[in-house]
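Here is a friendly walk through one protein model, meant to be read with the structure open beside you. We will start with one helix and work outwards.

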Amino acid sequence: MARGNQHKPLPPVDSVAAYILKYWKKRRTDKWILERLKAKHMDLDRYGMGLTSFIGMRESMGLFRTRKQGHDVESIQAAMGRLRLQYPKAGRQEMLGLLFHEESMSVSRRIITTYFALYEPELVRQRRARPAGVNDIWCVDQHDKWKYKFGLALHVGLEPFSGRYLWIKIWWTNSNPRLILKYYLDVVEELGFIPLVSQSDPGTENFGMANGHTLLRHMHDPALVGTLQHRWMNKTKNVMPEIAWSQLRRRFAPGFEDILDIGVTNGWYEPGNLRESLVFRFVFIPWLQAELDAYMDRLNDTQKRADRNKILPHGVPSDVFENPEEYGALDFKVRVRPDAIAQVRQLYAPPDHEVFALVPADFQELAMQFYNEISIPPPPVTRDNVWDVYLFILHRFEALDLELEERWGYAVTMSRDNYQEGLELLPNLQPLPQYDGPGGEAYLGGVNNGLGLDASHMARLDAMMNRDLPLPHGTLDIIEVPLPRAEFWGDDENEEEQEEEQVELLLVQGV
């Protein structure tokens, strides 16, 4: 059968030329285009085509691959000059696309890299002073907007290069260092790796994560012993989580705040009331956590708006995180042993610690009993019935004659900001050095023990740039980003765009 197909005539050029040109402009490979033509645009009962015949047809249309065009630094100089007038901020990957689409020039990454090194070396220096891939840094932060009004404490963990959320958690506290470490270890256990460094505000609630991450790094690289593998950033410089909270306030919070306000306005719920507080935790926290999980999944699976003035990848965050090499980026993850994770967990976040209980165990047992009395089977909690479920369980507890403070008062005490867990930072550890680039930009990641990219990293990046196959849209461009206003909570209609520019600028500067 295959031998018979070889003798079938080629399809007329004009019947497939438009499709070839369409896929050519998308930088598809010859094999990919041929397979698509056969699957979608050719009558295979009448026509046949092999790869060699396809290449001949493509070249008859004047469409030549990089090697056939044979460009060098000299031959692209005039075109680069023209494009620079219109696109002064475009980086290397952007220029490759512009040369292809606007000048009909297919140029190798080796040539464009050489051109930039000769004529625009400042862009190369900027690349050395910024993160060049995923899992260099994981940053975390807490959010207290619902803490004092509703008794709900939020916490987020992010991988800033890809923009992937690692967790968004809601609990009755975010001030306990053992809890924050648990969030981190749960994700590490799921993924099987850690970043080079962790990053947070300089609060005691982050001591557990700083200790736990540092110990894991020491266990897997003894050369790091004696160094703290955590960066302390003040509130104005831990930017990525601040932007996450701003987006949550705009996209997620308003509708849920309206629901939460119903109970407060009607006098059904007062966070300072022990009985009401515990019932509220039992009903609302699992429901809100499920809603936050869905919100996080949507963000991780949604491609960011493409913009040639951005320095970070424009791809889907989860895809960039999982496949950084497809975006011309490195992956700095450090594989960790399960026994090491278990050891750190037992040391700093033992599973039986009271902070990990939604409510006290005996309260949980009673609450579940009352919940099961609502109906058979009990109703799933939704935005439509959440206060009805709460009030039913609350009224059942009110009918009991219980000494609440003596029995469960500690659960409220542990949620207070001034509660001291007694977990100290590991002593006598040297902070990681700060690398200052030639333009004054600071790198605060963990590559090369804090000194930034070395020759081996640059070689790996250059090898990616030299591949003949095109990288997908959204690969890294090395550009200059103008300083936006440092504001996260305004009503400006361009607020989201300004926030993204702010984080990208600060990542370039390493602050």
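## A helix with two sides

In helix α3 (residues 30–41), the buried residues are Asp 30, Ile 33, Leu 34 and Leu 37. Buried here means under 20% relative accessible area, exposed means over 50%, and partly exposed lies in between, using a 1.4 Å probe and protein chains only. Helices (H or I, at least four residues) and strands (E, at least two) are DSSP runs, numbered from the N terminus. The buried residues of α3 sit on the same side of the helix, because they cover an arc of only 100 degrees around the axis; the arc is that of the directions from the helix axis to the C-beta atoms. A general point helps here: an α-helix has 3.6 residues a turn, so residues three or four places apart point the same way. On the face of α3 turned away from its buried side you will find the exposed residues Lys 31, Ala 39 and Lys 40. The cover over the buried residues of α3 includes α2 (13–25) and α4 (51–60).

Before going on, a word on the model. It is a predicted one: local features need pLDDT of at least 70 and side-chain atom pairs count only at pLDDT 80 or more, while totals for chains, interfaces and linings use all residues. Residues are numbered from 1 along each chain as its sequence is written, and side-chain values use heavy atoms, with hydrogens and water left out.

## The whole protein

The protein has 22 helices and 13 strands. Of its 511 residues, 53% count as buried. Among contacts (heavy atoms within 4.5 Å) between residues at least 6 apart in sequence, 74% join residues at least 24 apart.

## Two helix pairs

Axes are lines fitted to C-alpha atoms, for helices over the stretch in contact, and angles run from 0 to 180 degrees between N-to-C directions.

Take helix α11 (residues 177–191) and helix α17 (residues 338–348): their axes come within 10 Å and cross at roughly 170 degrees. The two helices are therefore roughly antiparallel to each other, a label used for angles over 145 degrees. On the α11 side, the contact is made by Arg 178, Leu 181, Lys 182, Leu 185, Asp 186, Val 188 and Glu 189, and α17 brings Ile 341, Val 344, Arg 345, Leu 347 and Tyr 348. By class, this contact of α11 with α17 has 7 nonpolar, no polar and 5 charged residues. Ala, Val, Leu, Ile, Met, Phe, Trp, Tyr, Cys and Pro count as nonpolar, Asp, Glu, Lys and Arg as charged, and the others, Gly among them, as polar.

Next come helix α14 (residues 253–265) and helix α15 (residues 274–300), which pack at an angle of about 170 degrees with their axes 13 Å apart. That angle makes α14 roughly antiparallel to α15. Phe 256, Ile 259 and Leu 260 of α14 meet Phe 280, Phe 284, Trp 287, Leu 288 and Glu 291 of α15. This contact of α14 with α15 has 7 nonpolar, no polar and 1 charged residues.

## Backbone points to look at

Two asparagines have a positive phi:

| Residue | Phi | Loop | Relative accessible area |
|---|---|---|---|
| Asn 135 | about 65 degrees | between β1 (133–134) and β2 (137–143) | 0%, buried |
| Asn 428 | near 60 degrees | between α20 (404–413) and β11 (430–431) | 74%, exposed |

Where is Pro 377 placed? Pro 377 is in the loop between α18 (361–372) and α19 (386–398). A cis peptide bond joins Ile 376 to Pro 377, with omega about -10 degrees.

Terms used: Angles under 35 degrees count as roughly parallel, over 145 as roughly antiparallel, 65 to 115 as roughly perpendicular and the rest as oblique.
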